[in-house]
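The exercises below are meant to be worked with the coordinates open, and each task is followed by a solution in steps.

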Amino acid sequence: MSEARVESSEPSPLSAVVIGEDGLGRPVWASTDSLLRDYYDTEWGMPIRDEQGLFERISLEGFQAGLSWATILRKRPAFREAFAQFDPEVVAAFTEDDVERLMLNERIIRNRAKIRATIRNAHATLALREEGGLVEFVWSFQPESTPAPRSLAEIPSSSPESIALSKALRKKGFSFVGPTTMFALMEAVGIIDTHLVDSHRRGTSGVWV
């Protein structure tokens, strides 16, 4: 790696990564905002294989629809507090009084449809325990290969697997789980690896080598 490239803050025309002051390559979206950079460096793309963690990610991806992920990350502590750390058993017991309580919570996204969907998805998560559980169900849609993008333009917004996962989850009673949202979920929890080839995070999940 040349000294000029290490010091550059512009994306490489070949890889579209931005080389930070620490010499590490990241996509543009993870190279300016410190919150997004830390999330990218430590969380995004790492495997999540526990029910509560996966339910949280599905819930937050649903709330993110139409908004920026940075907005969701900044509100994540408040979301966790409001939704009992996304314990599906607790959320499944929420009532209309809880919906109204959440609609008055200015620290979260106050979208009634998304709040009710989260509660319904908690019920669906509990029901899946009879079939092996949410984690086994979602991870069963892992593809045989993963993309190897060199630029953000090469990363798709959906895949045959995300389309199939979306349809399967809807049949199980989930909502706000469209193909694009499920593709984002699969990226975030390590089911696929869409880190740019020249990113320092490429291949670090242990799922794809």
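**Exercise 1. Overall fold**

How many helices and how many strands does the secondary structure of the protein chain come to? Establish also whether the chain is as compact as a globular protein of its length.

*Solution.* The model is a predicted one. Assigning the secondary structure gives ten helices and two strands, and reading from the N terminus the order of elements is α-β-β-α-α-α-α-α-α-α-α-α. The next step is the radius of gyration, which is 18 Å for the protein chain, close to the 17 Å that the globule rule gives for 209 residues, so the chain is as compact as a globular protein of that length. Along the principal axes, the C-alpha trace spans about 60 × 40 × 25 Å.

**Exercise 2. Burial, contacts and surface**

Determine what share of the residues is buried, and what share of the contacts with a separation of 6 or more comes from residues 24 or more positions apart.

*Solution.* Of the 209 residues in the protein chain, 49% are buried. Among contacts with a separation of 6 or more, 63% are between residues 24 or more positions apart. Turning to the surface, the accessible area of the protein chain is about 10100 Å², and carbon and sulfur atoms account for 52% of it. As for charge, there are 24 positive and 30 negative charges, whose mean positions lie 5 Å apart.

**Exercise 3. Asn 121 and its helix**

Is Asn 121 buried or exposed, and which elements do the buried residues of α7 pack against?

*Solution.* Asn 121 is first placed in helix α7, which covers residues 112–128. The 17 residues of α7 should span 24 Å at 1.5 Å a residue, and the end C-alpha atoms are 24 Å apart, which agrees. Asn 121 has a relative accessible area of 3%, and because buried means under 20%, Asn 121 is buried. Leaving aside residues up to four places away in sequence, Asn 121 touches Phe 55, Ile 58, Gly 173, Phe 174 and Ser 175. The buried residues of α7, among them Ile 115, Ile 119 and Ala 122, pack against α3, α5, α6 and α8.

**Exercise 4. Arg 202**

Where is Arg 202 placed, and what does Arg 202 touch?

*Solution.* Arg 202 is in the segment after α10 (179–188), and its relative accessibility of 24% makes it partly exposed. Not counting residues up to four places away in sequence, the residues that Arg 202 touches include Thr 146, Pro 147, Ala 148 and Pro 149, as well as Asp 193 and His 195. From C-alpha to C-alpha, Arg 202 is 22 Å from Glu 61, and the two are 141 residues apart in sequence.

Methods. Residues numbered from 1 in each chain as written. Predicted model: local features only at pLDDT ≥ 70, side-chain atom pairs only at ≥ 80, totals over all residues. Heavy atoms only, no water. Helix = DSSP H or I, 4+ residues; strand = E, 2+ residues; numbered from the N terminus. Rg over C-alpha atoms; globule rule 2.2 N^0.38 Å. Buried < 20%, exposed > 50% of the residue type's maximum accessible area, 1.4 Å probe, protein only. Contact = heavy atoms within 4.5 Å. Areas by Shrake-Rupley, 256 points an atom, 1.4 Å probe, with all protein chains shown as cover. Lys, Arg positive; Asp, Glu negative; His and termini not counted. Charge placed at Lys NZ, Arg CZ, Asp CG, Glu CD. Expected span 1.5 Å × (residues − 1).
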